[in-house]
Amino acid sequence: MPAIRNKIEKWFEKFSLNIFRFRWATILITLVIVGVFVSWIPKITFDTSNESFLHENSPVLKDYNAFRDQFGRDDLIIIAIKSTNVFSLGFLEKLKNFHDNLRDDVPHIEEITSMINARSTRGENDALIVGDLLENWPENQEQLEIIKKRVMGNPLYLNRLISENAQFTSLVLKTETYSNTTALDDPLAGFDESQAPADQNQFLSDEEISETVYHVKKIVEKYRDNNFEIYTAGPPVVSSTLKRLMIKDQNLFMRMIVLTIAIGLFVMFRRISAVVLPMIVVVCALVSTLGLMAIFKVPLKMPTVVLPSFILAVGIADSIHILTLYYRDLAIGGDKKQAIQTAMGHSGLAVVLTTLTTAAGLASFGISKVAPIAELGIFAAVGVTLSLIFTLILLPALLAVTPAKALKSSRTSSGKSRFDRILKWIGTFSTRNATAITITCILLLMLSIAAVSRLSFTHDVLKWLPETEPVRISTETIDNALKGSVAMEIIVDTGRVNGLYDIHTLNTLEQLAREIENIRQGDLFVGKASSVVDILKEIHQALNENRSEYYVVPSDPALIPQELLLFENSGSDDLEDVVDSQFQKARFTIKVPWLDAVKYVALIQDLSARFDRAFGKDINVSMTGMMTIMFSTVVSAIYSAAQSYVIAGLVITIMVILLIGSLKIGLLAMFPNMLAILFVMGLVAVFNWPFDMFTMLIGSIAIGLCVDNTIHFMHNFRRYYRKTGNVGKAVEETLLTTGRALFISTVVLSIGFFIYAFASMKNLFYFGLLTGMTIALALVANFFLTPALLALVARFSNLFPREVSND
Amino acid sequence: MINKRIQRILTLVIGLMITAGGLGLFPAEGWADDPKARTIMEKVDARDDGDHQTADMEMILIDKNGKKRKRKISSYSKYKAEDKQRLMFFLEPADVKDSGFLTYDYDNPDKDDDQWLYLPALRKTKRIASSDKSGSFMGSDLTYADMASRDLDDYDFTMKKEMDVKGHAVWLIESIPRSKAVIKETGYTKSVLFVRQDNYFVIRAVHWVKDGGYLKYVDVKTLKQIDGIWIGTEMHITKKKGKKIAHKTELSWKNVRFNQNLDDDLFSVRRLEKGL
């Protein structure tokens, strides 16, 4: 092993000499390559939709897209207005203006429904009237009363357009399904009946949704008033809010991490070049990674917002190690060439190894079924690897062309030795009290494991927003007032044309709707269940003088196709929303409040069971819709988290064992890091902090990072132990040499995560705080527990098998 | 006291504007009506479209996924003075057979059209009240507005150009509603009509649909002269959004006959309930 290690170190030295020789060419070529990547960056897109959490080839997403191709988008924007006198001329006038304004000025809207144009189907004497509710504008109190009675008496309006206490009325906006990128240049040429190929149908883009929400908000502001309180909610509003905050946070973090790194570097090295050069290196790595994302058409999503600051914080550590040795060598009196050679030779291997472990930890969630997590894993791994490459190639070249004088030792001897005294004390304390420390840590480990077993997953994108964010308040208000703001969709496929004319099927749908509307599970309730049956009942009642006993499925099956034909002739195209043109598939919509996706587990199982019982094998029932997407995300996330933890844990442990060269020491080395991670996870369980897809990442990320400290520690410990044969002495030497570098890089790294505490998004807050804590605790564990364990084990066996060493 | 220089400039500018206007450099839409276009439309309106007509109509409804539904209807129509009466019975599909529709399309714009329907399973006739004609006819892309005659006073007409459609010269005439009420009535904010120069038949039309931003393409595929009357026996109506087809209707008429001596009694509720 030492022979190989020697060989590698020699290779790094030679490599660095070549870089030195061709320093200008290296810099130029690197910058050109980086330039290519940067040119792609403007093409980066964002995607904060719920669908973005699933992979493109996920069966759940495919079902959802097929559903949207047939019935349009189900993520409606709901605008609720609170007023004490909804049924007054003044209010209705204002509502009409509001409605018209939204209809005329908001882009990408396919349909907008409110009391103004709600479908009103009724019989009057011998006439059947199907028209807009407020077609004939009321002119006096009497007419207003009639309207009020009609509205409050219509089950289809209740809890959709009007609340049960008549204090809230809503406007529902349905966005266009597809992106209208292909407008005809010459409309008159449209007589060509060829169809645009189906795969050109792109769903409405993130950009377009943001545009829509922006215009809605602008108009809402114009109409907001006392007694006309407006609440705006719905998945499009949530996703565009997430995007806005995401971009804001990302910009903030980038600035803060750059500042932190700059300060850290300056404190450590006291020269400007030591700040500028490493920054150039990590920034090159970062922009190259972003460019790669653009090239592979991977949009930036919520989880990937942590990517830039992550790459910067992690990437900088490599430079720190190289620079430490470089400046030390310069100070001793070496020239630049010599110093670069020494630094690369001694640190090159270690830096490669630590990057590999970090990348392995990140890549382990590349297999996640949650698309943005997988993307984060892969591109974070790519980013740190690029950072390594640039550190080994670009940094030496930049150092070679930068003038550098050895600085007088500006650190006061007292400052230096005070820190050294602390490090020395740590070494002594930990090796002297090895048993006590070890036993304490084992107890902590057991407590942590016990706490961790109580962790329960959560996924509620709305809760990522600050409590004061308007869409969060609006969603909660609308969920209460109108009994829900999001939907679950069930597609009932009869399997044959006109299958929905079957009276038994229709009655079953009706029965299911009544049952389902009574479901209540804690704070989860069903606000409304509707399908084509509602339209049929409406017509049947209207054809029978509005008598309420006729608000049922017609008992004569022959009436069904005829009444539906009648409806089609009425001018309303509402049937398209609830059945396909062949009357084969029906859409059953269940309105629910926006809750943690985990709470829907029981509901989904319940619904599945009910439909299976009701329809049996002849009819195919499938669940889709926004809530199903969110639920699927939860299931994927939990499954993938478990998977990636196991993989990361295994892979990294194996790597560490190989790198250290001893199974015993390798396992020993993992203990402090595992303890730190489990301890923090235990805190999450005890304090009931959210364990969601972000906090779940902590373990996988932290393992890769914490292990870096261990590797550097062991790398040096082995050298000193072989020289002195004494654990205590070896620990002391290790701490005095690498301790400072470890400390500074850990500080920079954990601050890099602590700055997320300033995030406006709450998920980032917890993620940053907890990851920072983990990294800091891991350092403490590495400083105290590792020496203690080594001291303990050394009493019973050889730490390292005898090797022929050339050190 | 305006500066003499500025006065001169102003005069020059105004003079230029008048000249430009006279030379037709201003967009046609700026002017209210084109007499040539209006004359053509008057001839279109005056064209004899036959009376006492019977026909068998087949309607194929095609959705955005290409799925089809077929309907067969037997239709009768007759003018009573300027008002048009229509009676239709469904022949196919079987589950709506013998459903009947009776329509009185009044020439007087202030009078709403009357429509009755009869559902055999209901054994009752219901009058359908609708204040506008923008509603779809039997679920197709044809609307009642499409079937009704236009009141020329409701529109401004401008001549766009002349061109060739399938070997026949046509005028392209743009028709813009003069009031919001007309837009509400028909559902169209604008139309372009392709009028055959030889027989004043509207062979094609493009309508800008208000709700939803669609474009509707009406294309008469087959034009025949039966008993001296020009009539479209095959018509395709396509509703498009950009390049995407949202829905399509294919209509064809067979056994078209005129001057069938239809009685006014045929166009009654009683007859509707009695059936064919």
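Rings of Phe, Tyr and Trp, the last represented by its six-membered ring, are taken to pair if their centres lie within 6.5 Å. In the predicted model described here, 40 aromatic pairs are found over all chains. One of them is formed by B:F137 and B:Y144, whose rings are set edge-to-face, with 5.6 Å from centre to centre and 90 degrees between the planes. Both members of this pair fall in the buried class, since B:F137 has a relative accessible area of 1% and B:Y144 one of 14%, where buried means under 20%. In chain A, ring pairs link A:F53, A:F253, A:F310, A:W464, A:F694, A:F753, A:Y756 and A:F767 into a cluster. Aromatic rings of chain B also lie beneath lysine side chains: the charged end of B:K111 sits over the ring of B:Y106, at 3.9 Å from its centre, and the charged end of B:K241 sits over the ring of B:Y214, at 4.9 Å from its centre.

The interior of the model was examined next. A search of the whole structure finds four cavities of 30 Å³ or more, and the largest of these holds about 240 Å³ of space. Its lining consists of 20 residues, of which A:V314, A:A317, A:L705, A:D708 and A:L749 lie nearest the centre of the cavity. Several helices of chain A contribute to this lining, with α9 (307-332), α10 (336-363), α11 (371-401), α22 (695-724) and α23 (727-754) each supplying at least two residues. By class, the lining of the largest cavity comprises eight nonpolar, ten polar and two charged residues.

The second largest cavity has a volume of about 50 Å³ and is lined by A:S49, A:N50, A:E51, A:R73, A:D75, A:I209, A:P235, A:P236, A:S239 and A:M626. Helix α7 of chain A, which spans residues 235-269, provides the largest share of this lining, namely three residues. The lining of the second largest cavity divides into four nonpolar, three polar and three charged residues.

Burial is also seen at the level of a whole helix in chain A. Ten of the ten residues of helix α17 (residues 559-568) are buried, and the helix is therefore largely enclosed by the rest of the structure. The buried residues of α17(A) include the charged residues A:E563 and A:E568, together with A:L559, A:I560, A:P561, A:Q562, A:L564, A:L565, A:L566 and A:F567.

Chain B contains five helices and 13 strands, and buried residues make up 49% of its 276 residues. Of the contacts in chain B with a separation of 6 or more, 46% are accounted for by residues 24 or more positions apart.

Particular backbone geometries occur in the loops of chain B. A cis peptide bond, with omega at about 0 degrees, joins B:E92 and B:P93, and B:P93 is found in the loop between β3 (83-92) and β4 (100-105). Positive phi values in residues other than glycine are found at B:H52, where phi is near 50 degrees, and at B:R123, where phi is about 55 degrees. B:H52 lies in the loop between α2 (35-46) and β1 (53-63), whereas B:R123 is found in the loop between β5 (114-119) and β6 (124-129). The surroundings of these two residues contrast, in that B:H52 is buried, with a relative accessible area of 18%, while B:R123 counts as exposed at 63% relative accessibility.

Terms used: Residues are numbered from 1 along each chain as its sequence is written. Chains are lettered from A and ligands numbered from 1 in the order in which they are written. This is a predicted model: local features need pLDDT of at least 70, side-chain atom pairs count only at pLDDT 80 or more; totals for chains, interfaces and linings use all residues. Side-chain values use heavy atoms; hydrogens and water are left out. On a 1 Å grid over the protein atoms alone, a cavity is a set of points where a 1.4 Å probe fits but cannot get out, and a pocket is an open set with protein on both sides within 12 Å along at least five of seven lines; lining residues have an atom within 4 Å of a point. Grid points are joined across faces, edges and corners, and a volume is the space filled by probe spheres set on the points. Helices (H or I, at least four residues) and strands (E, at least two) are DSSP runs, numbered from the N terminus. Rings of Phe, Tyr and Trp (its six-membered ring) pair if their centres lie within 6.5 Å; planes under 30 degrees apart count as stacked, over 60 as edge-to-face and the rest as tilted. Buried means under 20% relative accessible area, exposed over 50%, partly exposed in between (1.4 Å probe, protein chains only). A charge sits over a ring if NZ of Lys or CZ of Arg is within 6 Å of the ring centre and within 35 degrees of the ring normal. Contact means heavy atoms within 4.5 Å.
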